[in-house]
Structures are given as structure tokens and as C-alpha cells.
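Please look at the sequence and the model shown below before reading on. The report that follows takes up a pair of helices, a single residue and a group of strands.

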Amino acid sequence: MWGRSLMVSFALGALGLVAAPSAMADKPVTGGLVAPGAEPTVPGEQAEVREGIAHAPEAAPEAVKEAIWAANAIIGRPYRYGGGHGRGFVDRGYDCSGTVSYALHGARLIGRPRDSSSFMSWGESGRGDWITVYTNPGHAYVVIAGLRLDTSAAGDPSGDRGPRWRPTLRSSRGFKARHPEGL
């Protein structure tokens, strides 16, 4: 009897380990740094980072603001290879293209997650006025209203990995610049 109880307990525990990640992915993404529904803004045309959270410029088009506010929801999440590419863009962690996809989806600019290679032919060629995705086959990041959203710590003295607003100091050599039409 004791052996059967132990087997049932073990099986239920194993099911919990398998179910837990998918259950976590179904929970709303908040990142923990900004309250859900918070839409911080600053005057003018340049976004600003305050305490790790981006404040959208009041003069920006609505899609730009929405991309910034969406990205704020995943700031501080861990880096996870393949993260953000599942159903609904929601995940426990995000990779580079999953981060870019999340922000663009928040602005209704893409309908499905993209990897860094697929961003190479997305949108219009060149830098945008408000949003520019920099991409190559191995990495992608986005500059929105003057702020760089990136999982790489290149040019960031903090060295933190995962989705963060970063100092914009980073070489774009080796990257293609793409932007959404009109932005």
C-alpha cells in the first residue's frame, strides 16, 4: 500500500513539474517593475528611462507609445533562448527576437513572433523615424523613440542579460535596419 501511495505521489509531482511551466506561461506578463495598465509618458518626442522603465514621448504616434508600454511589461524578465515565441507571446523569459516581437505585437505591428532571421525581410528597409529593428541572422534589437530595447548587454555597463532598456551606445555594424511602414 505504501509503495502504491508513493508511486501516485511521485506521478502527481511529475505532472506538476510538467504542467507548471505551461501554467506560468498563461499568466499575464507584468515584469514586476511597472503596474499593469500603467502608461508613463514624458513631454516631447524623446522617450526616457526612469528607474528601468521607459516613459513614452507624448508627441509620439500611438503605436510607438504602445510598443514602449508593452516592452515595459517584460523588462527584468530573464533571458531564455526561444523565449517569447510561443502562443500569445507570453513566456517566463525572452530571447532577443522574442523581446522585439513582444514590443511590436503590443503596438499591433506584428501578429506572430518572429526570429532574428525573419526580421531581416520584415517591414521597410532602413531606419524608421520612431521604430527601427536592427537584425542579423543571430541577433535582433529595436530602438524605439531613441531608446534601445535589447537582451544583450553590449554597451551597457550593468552587464545584465534579458530584456532591458539599454544605453543606445552600440554598433549597428553587421545588422540590417528595418522599420514598420510610416514609423
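Is the crossing of H2 and H3 left-handed or right-handed? In this predicted model, the two helices cross in the right-handed sense.

**The helix pair**

Two packed helices are described by the angle between their axes and the distance between the axes. For helix H2 (residues 62–72) and helix H3 (residues 96–106), the axes come within 7 Å and cross at roughly 130°. Because of that angle, H2 counts as oblique to H3. On the H2 side, the contact is made by Glu-66, Ala-67, Ala-70 and Ala-71, while H3 contributes Tyr-102, Ala-103 and Gly-106. By residue class, the contact of H2 with H3 divides into five nonpolar residues, one polar and one charged.

**Val-42 and its surroundings**

Val-42 has its place in strand E1, which spans residues 41–42. Is Val-42 buried or exposed? Its relative accessibility is 0%, and because buried means under 20% relative accessible area, Val-42 counts as buried. When neighbours within four places in sequence are left aside, the residues in contact with Val-42 are Ala-47, Glu-48, Arg-50, His-55, Ala-56, Pro-57 and Glu-58. Ala-59 lies 17 residues from Val-42 along the chain, and the C-alpha atoms of Val-42 and Ala-59 are separated by 8.9 Å.

**Strand E5 and its partners**

Strand E5, which covers residues 131–136, is mostly covered, with six of its six residues buried. The side chains of E5 are divided between two directions: Ile-131, Val-133 and Thr-135 point one way, whereas Thr-132, Tyr-134 and Asn-136 point the other way, and all are buried.

Which strands are joined to E5 by bridges? The table sets out two partners, E6 and E9, together with a bridge pair for each of them.

| Partner of E5 | Bridges | Direction | A residue pair |
|---|---|---|---|
| E6 (residues 139–144) | six | antiparallel | Tyr-134 with Tyr-141 |
| E9 (residues 176–179) | three | antiparallel | Thr-135 with Lys-176 |

E5 and E6 also form a hairpin, with two residues between them. The two residue pairs can be read together with the directions in which E5 points its residues: Tyr-134, the bridge partner of Tyr-141 in E6, points the other way from E5 than Thr-135 does, and Thr-135 stands opposite Lys-176 in E9.

How values were computed. Residues are numbered from 1 along each chain as its sequence is written. This is a predicted model: local features need pLDDT of at least 70, side-chain atom pairs count only at pLDDT 80 or more; totals for chains, interfaces and linings use all residues. Side-chain values use heavy atoms; hydrogens and water are left out. Axes are lines fitted to C-alpha atoms, for helices over the stretch in contact, and angles run from 0 to 180 degrees between N-to-C directions. Helices (H or I, at least four residues) and strands (E, at least two) are DSSP runs, numbered from the N terminus. Angles under 35 degrees count as roughly parallel, over 145 as roughly antiparallel, 65 to 115 as roughly perpendicular and the rest as oblique. A crossing is left-handed if the near helix is turned anticlockwise from the far one by less than a right angle, and right-handed if clockwise. Contact means heavy atoms within 4.5 Å. Ala, Val, Leu, Ile, Met, Phe, Trp, Tyr, Cys and Pro count as nonpolar, Asp, Glu, Lys and Arg as charged, and the others, Gly among them, as polar. Buried means under 20% relative accessible area, exposed over 50%, partly exposed in between (1.4 Å probe, protein chains only). Two strands pair if DSSP finds at least two bridges between them.
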